[in-house]
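Student: I would like to work through this model by questions, with the reasoning set out at each step. May we begin once it is displayed?

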Amino acid sequence: QVQLVESGGGLVQAGGSLRLSCVVSGTFSRINAMGWYRQAPGKQRELVARINNGGSTNYGESAKGRFTVSRDSAKNTVYLQMNSLELEDTGVYYCNANAWVGSRPFQDYWGQGTQVTVSS
């Protein structure tokens, strides 16, 4: 199957930066888009940033201008550089990969999540 392992979360002061990483492993044939979602307490999971295998990106409104998503396809790794962090960025960040596994067409796989806490 497919495993996604996130790293890089933690506690940071407002205005600071963090870089998240997510490595995808397993028996997949191909990965299409990869990206990050987050879930704040009491809220639904929302898109932070996503990048497809052609390098095109899209961002959630709150991430535009502050966060940058990138990927190293050779390493099956996606990154999220987060700058100018705000209190509202606090939440659990989930890695997502859209992958083709065996005879199954592309479907979404998720990591366990990494906590990001922004303090004042």
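Student: How many disulfides does a search of the whole structure find?

Tutor: The model is a predicted one, and a pair of cysteine sulfur atoms counts as a disulfide if they lie within 2.5 Å. The sulfur atoms of C22 and C95 are 2.1 Å apart and form such a link. For the whole structure, the search returns 1 disulfide.

Student: Which strands does the pair C22 and C95 link, and how many residues apart are they?

Tutor: C22 belongs to strand β3, residues 18–26. C95 belongs to strand β9, residues 91–101. The pair thus links distant parts of the chain, β3 and β9, 73 residues apart.

Student: Is the link of C22 and C95 left-handed or right-handed?

Tutor: The angle to consider is the one about the S-S bond. For C22 and C95 this angle is -85 degrees, and the link is left-handed.

Student: Is C22 buried or exposed, and is C95 buried or exposed?

Tutor: Buried means under 20% relative accessible area. C22 has 0% relative accessibility, and C95 also has 0%. C22 therefore counts as buried, and C95 likewise counts as buried.

Student: In what order do the 4 strands of the open sheet lie, and which are the edge strands?

Tutor: The order in this open sheet is β1-β3-β8-β7, with antiparallel pairing. An edge strand here pairs on one side only. That description fits β1 (2–7) and β7 (67–72).

Student: How many bridges join β7 to β8, and which residue of β8 stands opposite V69?

Tutor: β7 and β8 (residues 77–82) run antiparallel, and 6 bridges join them. Opposite V69 in this arrangement stands L80.

Student: Which residues touch the most other members of the largest nonpolar core, and which strand supplies the largest share?

Tutor: This core holds 29 residues, and those touching the most other members are V24, W36, L80, M82 and Y93. At least two residues come from each of β1, β3, β4 (30–39), β5 (46–51), β7, β8, β9 and β11 (114–119). The largest share, 5 residues, is supplied by β9.

Student: With which residues is L80 in contact, leaving aside its neighbours within four places in sequence?

Tutor: L80 is one of the core residues that touch the most other members. Its contacts beyond four places in sequence include W36 and Y93, both of which appear in that same list of core residues. The full set is L18, R19, L20, W36, V48, A49, F67, T68, V69 and Y93.

Student: Why is the pair of Y37 and W110 edge-to-face, and which strands hold these residues?

Tutor: The ring centres are 5.1 Å apart and the planes stand at 70 degrees, so the pair is edge-to-face. Y37 counts as buried at 18% relative accessibility, whereas W110 counts as partly exposed at 35%. The pair ties together parts 73 residues apart in sequence, because Y37 lies in β4 and W110 in β10 (residues 104–110).

Student: At what angle do the ring planes of W100 and F106 stand?

Tutor: W100 is partly exposed at 32% relative accessibility, and F106 is partly exposed at 31%. Their ring centres are 5.3 Å apart, and the pair is edge-to-face because the planes stand at 85 degrees.

Student: Is S21 buried or exposed?

Tutor: S21 lies in strand β3. Leaving aside neighbours within four places in sequence, S21 is in contact with V5, E6, S7, W36, V78 and Y79. Its relative accessible area is 16%, so S21 is buried.

Technical notes. Residues numbered from 1 in each chain as written. Predicted model: local features only at pLDDT ≥ 70, side-chain atom pairs only at ≥ 80, totals over all residues. Heavy atoms only, no water. Pairing = 2+ DSSP bridges. Buried < 20%, exposed > 50% of the residue type's maximum accessible area, 1.4 Å probe, protein only. Core = buried A, V, L, I, M, F, W, Y, C linked by side-chain atoms within 4.5 Å. Contact = heavy atoms within 4.5 Å. Phe/Tyr/Trp six-rings, centres within 6.5 Å; stacked < 30°, edge-to-face > 60°.
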